[in-house]
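Trainee: I am new to this structure and would like a close look at a single part of it. Please choose a good place to start, go through it slowly, and then show me what surrounds it.

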Amino acid sequence: ACGGGVDKEQETELETAHIDIKADKGWTKDSTPAIVHIKSADGDEEKDADKVDFYHAVAPSEDNIGSYEVKLKVGSYEVKVISPVNSDGSAYELFETEDAKTLEVKDIDGEDGNSIDMEMKLIPADKVTDEMLTAIVKDTKDAIAKGDESLKGDNGKAVLEVLDKNIEANPNAEGAKDESDKAKDDAKVDEAPVETPADQPAD
């Protein structure tokens with residue numbers, strides 16, 4: 001009478017979603033990764049235990065293009081990106097707005113299903129303000145606190161190192177440099193990674 005194993009399986013079946021990130025130019029292996037924030041859209045009737053809220057670092061697999069395949073339960077998610085900082089100190093405007101995009105994960109097979117495009121437009125280094133860089137540092141630090149394994153341990157340290165170096169290259173960086181030094185000390189890189197749905201054992 002414990003409901004059998006079958007419907008439990010149905011409940012935790014995960015679908016693959018594709019998050020594709022494209023920059024118009026400048027995003028290379030010497031840039032910091034684009035950091036994707038995925039969280040359950042509010043209004044879902046889910047129990048808190050099922051809520052998704054984590055960050056993942058996406059490095060470009062070829063210049064200006066990076067992608068992340070993530071396993072998620074069927075439902076609605078908000079996806080945001082923290083801008084990379086490139087080796088010359090340039091950064092990105094993210095798809096017209098800072099608002100989250102909604103990713104609807106449905107129970108479908110096939111390559112085209114469940115995919116979302118995030119577009120980034122280069123802002124030249126001299127146009128990137130100290131405030132923008134400071135915000136990226138603070139956002140990155142928050143992301144590491146709630147990051148999956150791509151933002152913890154050596155991975156997290158490497159992100160902060162590259163961020164620090166690339167901010168140094170920016171002619172406008174002042175307060176952002178201090179913020180970046182602090183982040184290297186304060187960021188929670190050594191805590192356990194936040195579990196994503198793919199890490200959670202089926203009930």
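Mentor: Let's start with helix 2 and helix 4, which are roughly parallel to each other, because angles under 35 degrees get that name, while over 145 counts as roughly antiparallel, 65 to 115 as roughly perpendicular and the rest as oblique. Before we go on, this is a predicted model, in which local features need pLDDT of at least 70 and side-chain atom pairs count only at pLDDT 80 or more, whereas totals for chains, interfaces and linings use all residues. Residues are numbered from 1 along each chain as its sequence is written, and side-chain values use heavy atoms, with hydrogens and water left out.

Helix 2 covers residues 130-145, and helix 4 covers residues 175-186. Helices (H or I, at least four residues) and strands (E, at least two) are DSSP runs, numbered from the N terminus. The two helices pack at an angle of about 10°, and their axes are 8 Å apart. Here an axis is a line fitted to C-alpha atoms, for helices over the stretch in contact, and angles run from 0 to 180 degrees between N-to-C directions. On the helix 2 side, the contact (heavy atoms within 4.5 Å) is made by Asp130, Leu133, Thr134, Val137, Lys138 and Lys141. Helix 4 answers with Gly175, Ala176, Glu179, Ser180, Ala183 and Asp186. Sorted by class, that gives four nonpolar, three polar and five charged residues. The classes are simple: Ala, Val, Leu, Ile, Met, Phe, Trp, Tyr, Cys and Pro are nonpolar, Asp, Glu, Lys and Arg are charged, and the others, Gly among them, are polar.

Now look at the other helical neighbour. Helix 3 (residues 153-168) packs on helix 2 at about 175°, with the axes 11 Å apart, and that makes the two roughly antiparallel. Leu133, Ile136, Val137, Thr140 and Ile144 of helix 2 meet Gly156, Val159, Leu160, Leu163 and Ile167 of helix 3. This contact has eight nonpolar, two polar and no charged residues. Leu133 and Val137 are worth finding on screen: they appear in the contact with helix 4 and again in the one with helix 3.

Helix 2 also lies across strand 2, strand 3 and strand 5, running at about 135° to strand 5. Those strands belong to an open sheet of four strands in the order 3-2-5-7, with antiparallel pairing. Two strands pair if DSSP finds at least two bridges between them. Strand 3 and strand 7 are the edge strands, each pairing on one side only, and neighbouring strands are turned by 30° against each other on average, direction ignored. Strand 2 and strand 3 share six bridges, and one of the partnerships is His37 with Tyr55.

There is another open sheet of four strands, in the order 4-1-8-6, with mixed pairing. Strand 4 (65-72) and strand 6 stand at its edges with a single partner strand each, so one side of each has no neighbour in the sheet. Strand 1 (residues 15-23) and strand 8 (residues 115-123) run parallel over six bridges, while strand 6 (residues 91-94) and strand 8 are antiparallel, with four bridges. Met120 of strand 8 is the bridge partner of Ala23 and also of Leu94.

What fills the largest nonpolar core? It has 24 residues, and those with the most contacts inside it are Ile19, Ile21, Ile38, Leu72 and Met120. A nonpolar core is a set of buried Ala, Val, Leu, Ile, Met, Phe, Trp, Tyr and Cys residues joined through side-chain atoms within 4.5 Å; buried means under 20% relative accessible area, exposed over 50%, partly exposed in between (1.4 Å probe, protein chains only). Strand 1 gives the largest share, four residues. Apart from this core lies another, of 23 residues, and it brings us back to our helices: Ile136, Ile144, Ala173 and Ala183 are among them.
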